[in-house]
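Trainee: I would like a close look at a single part of this model. Please take one helix packing and follow it outward to its surroundings.

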Amino acid sequence: FEGRPEESNSLEGYLFGDTYEFYVKDTPEAIIERLLKETASVLEEGNYRDRFAERGFNLYQGITLASVVQREANNAEDMAKVAQIFINRMNNDMNLGSDVTTQYAVKLAEEAGADYDNNADALNIDSPYNTRLAEHRGLPYGPISNPGVGALNAVATPDESMVDVLFFLTGDDGLMYYSTTSEGHEQN
């Protein structure tokens with residue numbers, strides 16, 4: 001996968017989620033290879049390499065952003081809006097500021113044995129996946145989930161009507177709320 005760091009050994013983001021049929025005798029290696037081939041097929045059919053390049057991303061960066069969008073929004077329309085907002089933030093030299101990337105960082109730390117007594121400590125975890133921290137501007141180190149076609153399309157074709165929007169949140173009602181200012185975001 002183009003642009004993927006050499007030292008990364010995770011398959012996070014590269015195993016395309018779908019319904020598959022396997023035989024009991026299939027090996028884990030054969031299963032993984034099939035999922036990787038499906039990912040490659042989806043990426044090729046959607047021409048994502050070129051479509052991401054039009055947005056200034058290599059394939060790895062596009063998949064990484066799509067993985068964040070996948071976890072942040074629940075439908076194609078909101079995914080396209082959220083993708084544009086993240087692009088706006090990066091273009092304005094802001095942190096990505098994604099809660100889901102921070103949750104992923106905490107999950108990795110807890111799997112490694114870390115224990116957090118409170119939410120404030122967890123939110124300040126020093127990880128290249130914690131995009132809330134100023135020292136981790138831009139995209140996280142790598143994908144945090146396996147994005148579907150909706151999230152890939154959202155990054156390839158973000159909602160350009162949102163070019164001035166910098167903030168979003170999901171309300172208790174399940175709807176997404178958007179704002180151009182931090183004051184509006186606080187109000188939301």
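Mentor: Helix 4 passes helix 7 in a right-handed crossing. This is a predicted model, so read every value as computed from it. The axes of helix 4 (residues 76-91) and helix 7 come within 8 Å. They cross at roughly 45 degrees. Helix 4 and helix 7 are therefore oblique to each other.

Look at who makes the contact. Helix 4 brings Met 79, Ala 80 and Ala 83. Helix 7 answers with Gly 150, Ala 151, Ala 154 and Val 155. By class, that contact holds six nonpolar residues, one polar and no charged. The polar one is Gly 150, because Gly is counted as polar here.

Now turn to helix 3 (residues 59-72), which also packs on helix 7 (residues 149-156). Their axes come within 8 Å and cross at roughly 120 degrees. An angle of 65 to 115 degrees would count as roughly perpendicular. Helix 3 and helix 7 are therefore oblique to each other. The crossing of helix 3 past helix 7 is right-handed.

On the helix 3 side, the contact uses Gly 62, Ile 63, Leu 65, Ala 66, Val 69 and Gln 70. On the helix 7 side, it uses Ala 151, Leu 152, Ala 154 and Val 155. The classes are eight nonpolar, two polar and no charged. Note Ala 151, Ala 154 and Val 155 of helix 7. They touch helix 3, and they touch helix 4 as well.

Two residues of the helix 3 and helix 7 contact, Ile 63 and Leu 152, also line the largest cavity. The structure holds one cavity of 30 Å³ or more. About 50 Å³ of space lies in the largest cavity. Its other lining residues are Gly 13, Phe 16, Thr 39, Val 42, Leu 43 and Pro 147. Helix 1 (residues 28-45) gives the most to this lining, with three residues. The cavity lining divides into six nonpolar, two polar and no charged residues.

Helix 3 has a further partner in helix 5 (residues 99-111). The axes of helix 3 and helix 5 come within 9 Å and cross at roughly 100 degrees. That makes helix 3 roughly perpendicular to helix 5. Val 68, Arg 71 and Glu 72 of helix 3 meet Asp 99, Val 100, Thr 101 and Gln 103 of helix 5. Here the classes are two nonpolar, two polar and three charged. The contact of helix 3 with helix 7, by comparison, has no charged residues.

Asp 99 takes us on to the largest pocket. Asp 99 belongs to the helix 5 side of the contact with helix 3. Along with Arg 89, Gly 97, Ser 98 and Arg 132, Asp 99 lies nearest the centre of the largest pocket. In total, 15 residues line that pocket. Its volume is about 290 Å³. Strand 1 (residues 167-170) gives the most to the pocket lining, with four residues. The pocket lining has five nonpolar, six polar and four charged residues. The cavity lining, in contrast, has no charged residues.

Conventions:
Residues are numbered from 1 along each chain as its sequence is written. This is a predicted model: local features need pLDDT of at least 70, side-chain atom pairs count only at pLDDT 80 or more; totals for chains, interfaces and linings use all residues. Side-chain values use heavy atoms; hydrogens and water are left out. On a 1 Å grid over the protein atoms alone, a cavity is a set of points where a 1.4 Å probe fits but cannot get out, and a pocket is an open set with protein on both sides within 12 Å along at least five of seven lines; lining residues have an atom within 4 Å of a point. Grid points are joined across faces, edges and corners, and a volume is the space filled by probe spheres set on the points. Axes are lines fitted to C-alpha atoms, for helices over the stretch in contact, and angles run from 0 to 180 degrees between N-to-C directions. Angles under 35 degrees count as roughly parallel, over 145 as roughly antiparallel, 65 to 115 as roughly perpendicular and the rest as oblique. A crossing is left-handed if the near helix is turned anticlockwise from the far one by less than a right angle, and right-handed if clockwise. Contact means heavy atoms within 4.5 Å.
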